[in-house]
Amino acid sequence: MQVTFVEYSQSDQDGIVHWLTSETWEYFETPSPTQEMVVNWVSNGHFHGERARSFWIQSEIGENVGFISVFEIRDPVPRIDLRVSASYRRMGIGKQALRFIADFIFREFPMALRIEGNTRQDNIAMRKTFAACGWVKESHYRALWKTDTGEYVASIGYAIIKQDWLNGTVTAVDWNDEP
Ligand SMILES: CC(C)(COP(=O)(O)OP(=O)(O)OC[C@H]1O[C@@H](n2cnc3c(N)ncnc32)[C@H](O)[C@@H]1OP(=O)(O)O)[C@@H](O)C(=O)NCCC(=O)NCCS
């Protein structure tokens, strides 16, 4: 499904509160945020402000089907966060969103050298989405991410470097560099 990206603004507090509290976000540290939590995030500039920008992902009929944010936007290493509504998954939206946000960051923020994203080891959908878009696995932190059942799973870090984005390449990490 072809989607479009519409920048989120602070005045859309009701929209993001409704959207984030309407579903359960299994792989997040807060799977079921309350209205109060989301209002706090909005007023702290979590989604939009000096350090963050976000976009609604919209269907052909203008329905909000996803949301993508970039944090630490003025640093050399911004981080991203991506969510697609459960009923719109596996339609290619996640891949469009990752490509869109890399274009946005590298074009608008020349100081960005790389973009990072972290996910739980068992979040196969997100890991496949990173890999499909040329983001490279760079870190594997064992027993770091506490799940809602209390067990710890690995946190996996992916990144895309500006040089790969510019050249359309995927540069592997040199893991065999032990002296
Ligand atoms: C992760 C997420 C954003 C992926 O979005 P999506 O629109 O479903 O992804 P796409 O349809 O673009 O698929 C991207 C790739 O992942 C694969 N994929 C997607 N969901 C999958 C699943 N449940 N199991 C296995 N593979 C999956 C697709 O086959 C595709 O790979 P391919 O191009 O090699 O065939 C979406 O599942 C989501 O919002 N999940 C909940 C929020 C979340 O976990 N966000 C990440 C937090 S760090």
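How many helices and strands does the protein have? Colour the model by secondary structure, taking helices (H or I, at least four residues) and strands (E, at least two) as DSSP runs numbered from the N terminus, and 5 helices and 7 strands appear. From the N terminus on, these elements run β-α-α-β-β-β-α-β-α-β-β-α.

Before selecting anything, note that this is a predicted model, in which local features need pLDDT of at least 70 and side-chain atom pairs count only at pLDDT 80 or more, while totals for chains, interfaces and linings use all residues. Residues are numbered from 1 along each chain as its sequence is written.

Show the C-alpha trace next, which fills a box of roughly 55 × 40 × 30 Å along the principal axes. The radius of gyration of the protein is 16 Å, which agrees with the value near 16 Å for a compact globule of 179 residues; the radius is taken over C-alpha atoms, and the globule rule is 2.2 Å times the number of residues to the power 0.38.

Now select the buried residues, those with 20 or more other C-beta atoms, placed from the backbone, within 10 Å of their own; they make up 26% of the 179 residues. The largest nonpolar core, a set of buried Ala, Val, Leu, Ile, Met, Phe, Trp, Tyr and Cys residues joined through C-beta atoms within 7 Å, has 35 residues, of which Ile-57, Ile-68, Ala-97, Ile-101, Ile-105 and Ile-115 touch the most other members. Among the elements that give two or more residues to this core are strand 2 (52-58), strand 3 (64-71) and helix 3 (93-108), and helix 3 provides the largest share, 7 residues.

Stay with helix 3, whose 16 residues reach 22 Å from the first C-alpha to the last, close to the 22 Å expected at 1.5 Å a residue, where the expected span is 1.5 Å times one less than the number of residues. Its buried residues include Gly-94, Ala-97, Ile-101 and Ile-105. Centre on Ala-97, which touches Ile-57, Gly-66, Ile-68 and Leu-82 when residues up to four places away in sequence are not counted, contact being C-beta atoms, placed from the backbone, within 7 Å.

Finally, select the ligand and the 20 residues that surround it, the closest being Val-84, Arg-89, Gly-94, Ala-125 and Lys-128; a residue is near if its C-beta atom, placed from the backbone, lies within 6 Å. Strand 4, helix 3 and helix 4 each give two or more residues to this shell, with the largest share, 6 residues, coming from helix 4.

Technical notes:
A residue is buried if 20 or more other C-beta atoms lie within 10 Å of its own, exposed if 12 or fewer, and partly exposed in between; C-beta atoms are placed from the backbone. Two residues are in contact if their C-beta atoms, placed from the backbone, lie within 7 Å.
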